[in-house]
Amino acid sequence: MITSVNGAFARRFFSSVAAASLAAVSTVSAPAPALATEELNALVWCDHTDPALVEPFEKANDVKVNLKDYEGTGAALSILEQSQPGDWDVLVIDGVDVQRAVGLDLLAEIPADKLPTADIFPEVRMEANNMKDGKTYAVTEKFGYNTISYDKTKVDPNDMKDLSVIWSDKYKGRIALYDYYLPMIGLVALGLGKKTAELSDADMPAITEKLSEMKTVSKQVSDVVSSQTALATGEVDILVGGGEWITAALSGEKPNLDWTVPDQGAVRWAQSIGVMKASKKQDLALKFVQYIVSPEGQARLATSSCYWAMPANMKAGEHLTDAQKAALRWNDQTEYLKKTQLYPIPSAELDQKMQDAWTDMMQQ
Amino acid sequence: MRDMLTKIAAFGYAGLIYGFIFLPVAVLVLFSFQDGRLPVPPFNGFSLQWYEAVFADRKLMAALANSFLVAIVSSVIACLLGFLAAYALARYKLPGSALQRGLLIAPMTVSYLIIALGLLTVLNTFGISLSLWTVGIGHVVINLPLCFAIIYSSMGDHHINIERAARDLGANDFKVMALVTAPMLMPSILAAFFLSVTFSWDEFIIAFLLSRFDVTLPVEIWSLLRSGLNPKTNAIGSLVFLVSVALLAVLELTLFGKTKKS
Amino acid sequence: MSTITLEDAERRKAWGFVAPALLWTIAFFVVPFLFMAAMSLWSRQSGQIVRAWNLDNYIAFFAKDSLFKGLMNSLEITLIVTVLSVLLAYPLAWIIAERVPKRFQRLALIMAVLPFWTSYVVRSYSWLLVLSKNGVINQTLMTLGVVAEPLEIASNRTATVIGFVHFFVMLLTLTIYANLIQLSPNYRRAAADLGANALQTFWHVILPLTLPGIMTGAFLTFVLCIGDYVTPQILGGNNELVLPQIIMLQLGRRADFPMAAALSIILMLAVTLAYVLCARWLKIERA
């Protein structure tokens, strides 16, 4: 059945490809790093894959850190399920899902005296999440907000102070929705005057209805880069679910992009890092965790290439420039922390319902 | 007059379609030279900074090398297996040969996503870790049918006499295959090889689902894009494109210019 | 000893040649497929895969609108893309084969598929920029005064279809051209001798002769299009989901392998159906 692409033509034609790739590879001039004696495998969020963050640790400890990034705790669990025990040494996970990982017996206990707990913003220490039965299993490393990002030259910033703008007709067709169901459902709940921590089955009908209204007035539902593209190109003027992690890195280029926390509040996300229980390199893994939460590591993590967001360690401020701090809104954090709530933490059944509601909304 | 009109219509149409085909490439290349952090209009001015960034990106360069390795190794295996199978099925009467042909072609009628998921399930079950090898296995699965079909369809019966003559002169099977059959079929074998390389080089979903730390170029570009807009992705896309075009031109003018009549 | 005849030895050798390819296909294609089919009958409950055999996943597929609609979206988009691509590529292939002077044909063809060598993923993002409100197309149309308001062609089905058609026009131009140049000019001469005009010749002679090539290309388009995740994910703006996107959601958000497996089997049935419909035009022939 391939006769049609056969023959002399195809031969001549496709021969170029190998040659092209050959040339491409010959341009691989970057020197390979010297062979390290040890390797550390970390399952992380994409901000950890920035060489500027990891290389100093690799050099200092003569170790090669293998990084695999994922999106969403579901994806991480499915990767872990596909792995053998001991394959992974370090895990970065959504702060609200640490208990899930502890429940699955994935994380090792971290001695309290090994962590700079006193330097971490009290609001994001999240003992209820990172600890169980008085034992620490993970530590918060970075946090930020899922709220409203917008183009201040195209919308009235005062409208952005009311969360109900996300389902109102006023900006119909000019809104993008960030494609992650948990914070988005959290935002809807806040808009409805509910607390994210108290969501239950009974709240779903009202939430589903609002999701549907949101979809009707929105232009698209998209991942990070499509959302960013849409906002930067003027395709949309509002991004629901966005925040500093969308706009901070663009602040120099696109000063017209802004974000705010509405009066009803917004959703706060936090990522935690911990050592895998099955890891055969507990000491080295802990060393990596300590590096990440150290002031230097925190400053690099906060401004890593994938996305910017607030470091959990207050002392990171000493290693950040004023411009970086301004982009992160370092000085507004007290107010934001007060006004925001954590992601919802649904049971497995409610989680399924939330995902279904989200999928139904996209298919609507 | 009528001829003139059809000619204008024909070339007008061709022009439009060529425009359509080149539109995204032109935009891609243009914004790879963007002087600024965003590869979106307006165009701020000409800069080579993103090309420098590409060469300085160790992960991107490693992915480039990985892609090359996977493409070449998987294509060689696919061609070799495809050639042997085609030889056996074209030269010998084997029972159930129609069924065998059907089986070898079958993966071509299945979406890559399904092939990837199936392999992932099996690798999981047997506790095999994901690596570039597993990506390579997947790429052989998708390219083997292609190689087999191309080589098999070019195995004419008129080649048999030459092979028989060689055998009469005392050559064994492997010698016949290596020294007589393969050279006669070289055009199709090369076609199959380069087609495989192209497909493997640009394949995303299998590489995405079956790799772990070492990833291929499309997967690296995917994660690069996840972190937001960046003219670096335009630069790597343009770079691969421009180098291919340059090589294509060189090959056209030298190697294949001479064998045009073949 | 005498039981081994020459024929047996030959046959054994032949099996030896074909075995590696067959084994590879069985080990890495047939077996995985069977595993997946088996897994589609399991289910995932409270984060664990339960190995109880049932049809729950398939029932859920038909019961949940959002899942079933995924298949419908996939089929609609794939059919639109396939038909559009053939309609756009055929004339181009014909022009190259018939109107372009022989010595420029190869150049014309190479030009038609050149963008193949930009990365597929990057090219899709490039379309996003081309189609956006301030993109090249809208800017041009508005400058020319063709439209007053920017067209809504990004982040929706139109964008997905454009992205796909772009790729498949290149592929189909190649396959249809290869088919057209194999036609002997005698056919056309004979038809003209019998008094057929250009249109009749095309309709009754050339089109039927190139149909196998078209169907091969169309089937290839169908298979690649319906299984693709990248293009709808980047260009569709999640305003509707196609089946591969839903499959990836099962994997990425729920680690629900059984459901993903069931949906994959359904996707495969759709392709099989298409294959049955085009089967009579698809075959490998030896030269």
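In this predicted model, A116(B) touches G138(B), along with I205(B), I206(B), L209(B) and L210(B), once residues up to four places away in sequence are set aside. A116(B) also turns up in a bigger picture: the largest nonpolar core has 285 residues, and A116(B) sits alongside A85(B) and I151(B) among those with the most contacts inside it. As for who supplies this core, helix α3 of chain B, spanning residues 58-91, gives the most, with 19 residues. Chain A chips in as well, with at least three residues coming from each of domain 1 (38-143 + 269-331) and domain 2 (145-268 + 342-363).

Staying with chain B, helix α6 covers residues 132-153, which makes 22 residues. From its first C-alpha to its last, α6(B) reaches 31 Å, close to the 32 Å expected at 1.5 Å a residue. Even so, α6(B) is not straight throughout: there is a bend of about 35° at N143(B), and a proline, P145(B), comes along within four residues after that point. Of the 22 residues in α6(B), 21 are buried, so the rest of the structure largely encloses this helix.

Next comes the contact between chains B and C. Here 75 residues of chain B meet 66 residues of chain C. On the chain B side, the elements giving two or more residues are α1 (2-32), α3, α4 (97-105), α5 (112-125), α6, α11 (217-226) and α12 (231-253). The top contributor on that side is α1(B), with 14 residues. Two helices already met above, α3(B) and α6(B), are thus on the list of elements that touch chain C.

Chain C itself has 12 helices and 2 strands. Going along the sequence, one helix leads, the two strands follow, and the remaining helices come after them, in the pattern α-β-β-α-α-α-α-α-α-α-α-α-α-α. The radius of gyration of chain C is 24 Å, whereas the globule rule gives 19 Å for 287 residues; the value is well over the rule, so chain C is more spread out than a compact globule. Along the principal axes, the C-alpha atoms of chain C fill a box of roughly 80 × 65 × 35 Å. Buried residues account for 47% of the 287 residues in chain C. Sequence separation rounds out the description of this chain: taking contacts in chain C between residues at least 6 apart in sequence, 71% join residues at least 24 apart.

Definitions and conventions. Residues numbered from 1 in each chain as written. Chains lettered and ligands numbered in written order. Predicted model: local features only at pLDDT ≥ 70, side-chain atom pairs only at ≥ 80, totals over all residues. Core = buried A, V, L, I, M, F, W, Y, C linked by C-beta atoms within 7 Å. Buried ≥ 20, exposed ≤ 12 C-beta atoms within 10 Å, placed from the backbone. Domains from an automatic or database assignment. Contact = placed C-beta atoms within 7 Å. Rg over C-alpha atoms; globule rule 2.2 N^0.38 Å. Expected span 1.5 Å × (residues − 1). Bend = angle between axes of the 7 residues up to and from the residue.
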